[in-house]
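Here is a quick tour of a small set of contacts, written for someone who would rather be at the bench. Have the sequence and the 3D view open as you read.

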Amino acid sequence: LISCDSPHVAEVFATFALTGTKWPGDAAAQAAASAGCASRLSGYLNPQLAISLSSTYVYPDSVAWQAGTRTVICEVRAASGELTGSVRGASATAG
């Protein structure tokens, strides 16, 4: 973790857990991660920065799932270069 004031490649804007007990498969896990991050991004992002950013995510694979990991990590990145401050909008709340 580094300060948002220092140049950085990505900013984590949300984490959430996938549901279920059985491994849903790569396509379903990826779709759930994508949809979950997309729904959380609009409430976090400063709308004036949206055009210069892209959203990515990391989700558990089958090995991680078997080990009990269900967490999706949602990140936002600059389309080019590095971020030099938080992309959080003024109305966003932590959580």
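A charge sits over a ring if NZ of Lys or CZ of Arg is within 6 Å of the ring centre and within 35 degrees of the ring normal. With that in hand, look at R70: it lies over the face of W65, 3.8 Å from the ring centre. R40 does likewise with F16, sitting over the ring's face at 4.0 Å from the centre. Keep in mind throughout that this is a predicted model.

**The overall layout**

Now step back to the fold. The protein chain has two helices and three strands, and reading along the sequence gives you the pattern β-α-β-α-β. Of the 95 residues in the protein chain, 28% are buried.

**The disulfide**

How many disulfides does a search of the whole structure find? Just one turns up, and it joins C37 to C74, with the sulfurs 2.0 Å apart. The link ties together distant parts of the chain: C37 belongs to helix α1 (residues 26–41), C74 to strand β3 (residues 71–78), and the two are 37 residues apart. Are C37 and C74 buried or exposed? Both are buried. As for handedness, the torsion about the S-S bond of C37 and C74 is about -80 degrees, so this disulfide is left-handed. For a refresher on the chemistry, a disulfide is a covalent bond between the sulfur atoms of two cysteines.

**The salt bridge**

Side chains of opposite charge can pair when their charged atoms come close. In this model, a search of the whole structure gives one salt bridge. The partners are E75 and R77, and their closest N and O atoms are 3.0 Å apart. The two ends differ in cover: E75 has 15% relative accessibility and counts as buried, whereas R77, at 29%, counts as partly exposed.

**Tyrosines and a nonpolar patch**

By the ring-centre rule, the count comes to three aromatic pairs. One of them is made by Y57 and Y59, whose ring centres are 6.1 Å apart; their planes meet at 40 degrees, so the pair is tilted. Y57 is partly exposed, with a relative accessible area of 25%, and Y59 is partly exposed too, at 26%.

V58 lies in strand β2 (residues 53–58). With 43% relative accessibility, V58 counts as partly exposed. It also helps make a nonpolar surface patch of about 220 Å², together with V12 and I73.

**A loop residue to look up**

Where does Q48 lie? You'll find it in the loop between α1 and β2. Q48 is exposed, with a relative accessible area of 71%. If you measure across to V87 in your viewer, the C-alpha to C-alpha distance is 9.3 Å, although Q48 and V87 are 39 residues apart in sequence.

**Accessibility at a glance**

Here are the relative accessibilities of residues picked out above, gathered in one place.

| Residue | Relative accessibility | Class |
|---|---|---|
| E75 | 15% | buried |
| Y57 | 25% | partly exposed |
| Y59 | 26% | partly exposed |
| R77 | 29% | partly exposed |
| V58 | 43% | partly exposed |
| Q48 | 71% | exposed |

Conventions:
Residues numbered from 1 in each chain as written. Predicted model: local features only at pLDDT ≥ 70, side-chain atom pairs only at ≥ 80, totals over all residues. Heavy atoms only, no water. Disulfide = S-S within 2.5 Å. Helix = DSSP H or I, 4+ residues; strand = E, 2+ residues; numbered from the N terminus. Buried < 20%, exposed > 50% of the residue type's maximum accessible area, 1.4 Å probe, protein only. Patch = residues over 30% accessible without salt bridge, like charges linked within 9 Å, V, L, I, M, F, W, Y side chains within 5 Å. Areas by Shrake-Rupley, 256 points an atom, 1.4 Å probe, with all protein chains shown as cover. Salt bridge = Lys/Arg side-chain N within 4 Å of Asp/Glu carboxyl O. Phe/Tyr/Trp six-rings, centres within 6.5 Å; stacked < 30°, edge-to-face > 60°.
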